[in-house]
Amino acid sequence: DLPVDTEHKARKIKLLSFTRPHMRAFHFSWMSFFVSFLSTFAAAPMIPVIRNNLDLTKGELGNAGIAAVTGTIFCRMSMGFVCDTLGPRYGHAVLLMGT
């Protein structure tokens, strides 16, 4: 078992444990961070292939990059508002149902 305080927050971290709810939430958090990180930067090494397949000019490729960053900023701000309003569990559920 994981020791918790009066607010039911974990007082220790057992890295090799997947007990509910504390350590499972911890492991899913870092895994989702890395999935997000990898998906954000996965297209960069493939730019030559993408450019050739879509017949993009350098200007169009630059505009696509700006649009991607702008979209990411907008989505992160929107999801922050949803998490502040509904909480992360319901916010993520809404996101999953919407996609």
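This passage describes the fold of the chain, the segment before its first helix, and the crossing of two of its helices.

The model is a predicted one. Four helices and zero strands make up the secondary structure of the chain, and reading along the sequence gives the pattern α-α-α-α. The overall dimensions were taken from the C-alpha atoms, which fill a box of roughly 60 × 30 × 20 Å along the principal axes. The radius of gyration of the chain is 19 Å, whereas a compact globule of 99 residues would have a value near 13 Å.

Two backbone features were found in the segment before α1. H8, which lies in this segment, has a phi near 65°, a positive value in a residue other than glycine. P21 also belongs to the segment before α1. The peptide bond that leads from R20 to P21 is cis, and its omega is near -20°.

Helix α1 covers residues 22-41, and H22 is part of it. The side chain of H22 reaches back to H8, with a distance of 2.7 Å to the backbone oxygen of that residue. When residues up to four places away in sequence are not counted, H22 touches L2, V4, H8, K9 and A10. H8 is thus both the residue with the positive phi and one of the residues touched by H22.

A further contact joins helix α3, residues 58-86, and helix α4, residues 88-98; their axes come within 7 Å and cross at roughly 130°. An angle from 65 to 115 degrees would count as roughly perpendicular and one over 145 as roughly antiparallel; α3 and α4 are therefore oblique to each other. The crossing of these two helices is right-handed. On the side of α3, the contact is made by M79, V82, C83 and L86. On the side of α4, P88, Y90, G91, H92, V94 and L95 take part. By residue class, the contact of α3 with α4 consists of eight nonpolar and two polar residues, with no charged residue among them.

In outline, the model shows a chain of four helices without strands, a side-chain approach from H22 to the backbone oxygen of H8, and an oblique pairing of α3 with α4.

Technical notes: Residues numbered from 1 in each chain as written. Predicted model: local features only at pLDDT ≥ 70, side-chain atom pairs only at ≥ 80, totals over all residues. Heavy atoms only, no water. Polar contact = N/O pair within 3.5 Å; in protein donor to acceptor, adjacent residues only side chain to side chain. Contact = heavy atoms within 4.5 Å. Axes fitted to C-alpha atoms, helices over the stretch in contact; angles between N-to-C directions. Parallel < 35°, antiparallel > 145°, perpendicular 65-115°, else oblique. Left-handed = near helix turned anticlockwise from the far one by under 90°. Nonpolar A, V, L, I, M, F, W, Y, C, P; charged D, E, K, R; others polar. Rg over C-alpha atoms; globule rule 2.2 N^0.38 Å.
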